[in-house]
Amino acid sequence: MKQAGEGEHHKEGNTNPVVKLFYENRLFFGYLCVGAEFFYIFLYCVYFLDPSTTAYTVVYALCFYVCLPGCLLKQFVNFVQLGAAATSIAEKDARQHNSSKK
């Protein structure tokens, strides 16, 4: 039986093209991970910057036009992974329950 962190469980049975690309392409993986983190950093900065400054315009553009797509796609991948994990756990529980009835 595989324990947490063993093998490449995240690559098994992923049929979603975004999730496949996430794990197969390091640049896409990096963009989503870095984009998600920097979106929140830039969003925090936007809150404190004066809207009449150039810095605000630059940080706003980076936040919403560069980082937001990566952040949203990363959240989608997280959601798909959550569903796959829940399904896997439910299948394992069902197998154990059915085998104990025999």
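Here are some notes on this predicted model, going from the overall fold down to single residues.

1. Overall layout. The chain has three helices and zero strands, so there is no sheet to look for here, given how helices and strands are assigned. Read from start to end, the pattern is simply α-α-α. Two of these helices come up again and again below: H2, residues 26-48, and H3, residues 54-100.

2. Burial and surface. Of the 102 residues in the chain, 18% are buried. The accessible surface comes to about 7,700 Å², and carbon and sulfur atoms account for 64% of that. As for contacts, take those with a separation of 6 or more: 57% of them join residues 24 or more positions apart.

3. The main core. Which residues form the largest nonpolar core? There are nine: Ala36, Phe39, Phe42, Val46, Tyr56, Val59, Cys63, Cys67 and Cys71. H2 and H3 each put in at least two residues, with H3 giving the most, at five. A second core lies apart from this one; it has five residues, among them Phe22, Phe28, Leu32 and Val77. In soluble globular proteins, nonpolar side chains tend to be buried together.

4. Cys63 up close. Cys63 is a member of the nine-residue core. Setting aside neighbours within four places in sequence, Cys63 is in contact with Phe39, Phe42, Leu43 and Leu68. Phe39 and Phe42 are also on the list for that core.

5. Cysteines without bonds. How many disulfides does a search of the whole structure find? Zero. For Cys45, the closest cysteine sulfur is in Cys63, 8.9 Å away, so the pair is too far apart for a bond. Cys71 has its closest cysteine sulfur in Cys67, at 8.6 Å, and that is again too far for a bond. The cut-off is 2.5 Å between the sulfur atoms, so neither pair qualifies. Burial is worth checking here too: Cys71 is buried, with a relative accessible area of 3%, whereas Cys45 is partly exposed, at 32%.

6. A greasy spot on the outside. Tyr31, Val58, Tyr60, Leu62, Tyr65 and Val66 make a nonpolar surface patch of about 550 Å². Helix H3 supplies the largest share of the patch, five residues. Leu62 is one of the patch residues and is found in H3. Is Leu62 buried, exposed or partly exposed? Partly exposed: its relative accessible area is 32%, and patch residues need over 30%, so Leu62 meets that cut-off.

7. Where H2 and H3 meet. Two C-alpha pairs are handy for looking at this part of the model. Val34 sits in H2, and its C-alpha is 7.9 Å from that of Gly70, although the two residues are 36 apart along the chain. Val34 is partly exposed, with a relative accessible area of 46%. The other pair is Pro69 and Ala36, which are 33 residues apart in sequence and 8.5 Å apart in space, C-alpha to C-alpha. Ala36 belongs to the largest nonpolar core.

8. Pro69. This proline has its place within helix H3. At 36% relative accessibility, Pro69 counts as partly exposed. Leaving out neighbours within four places in sequence, Pro69 is in contact with Tyr31 and Phe64. Of these partners, Tyr31 is also a member of the nonpolar surface patch.

Conventions. Residues numbered from 1 in each chain as written. Predicted model: local features only at pLDDT ≥ 70, side-chain atom pairs only at ≥ 80, totals over all residues. Heavy atoms only, no water. Patch = residues over 30% accessible without salt bridge, like charges linked within 9 Å, V, L, I, M, F, W, Y side chains within 5 Å. Areas by Shrake-Rupley, 256 points an atom, 1.4 Å probe, with all protein chains shown as cover. Salt bridge = Lys/Arg side-chain N within 4 Å of Asp/Glu carboxyl O. Helix = DSSP H or I, 4+ residues; strand = E, 2+ residues; numbered from the N terminus. Buried < 20%, exposed > 50% of the residue type's maximum accessible area, 1.4 Å probe, protein only. Core = buried A, V, L, I, M, F, W, Y, C linked by side-chain atoms within 4.5 Å. Contact = heavy atoms within 4.5 Å.
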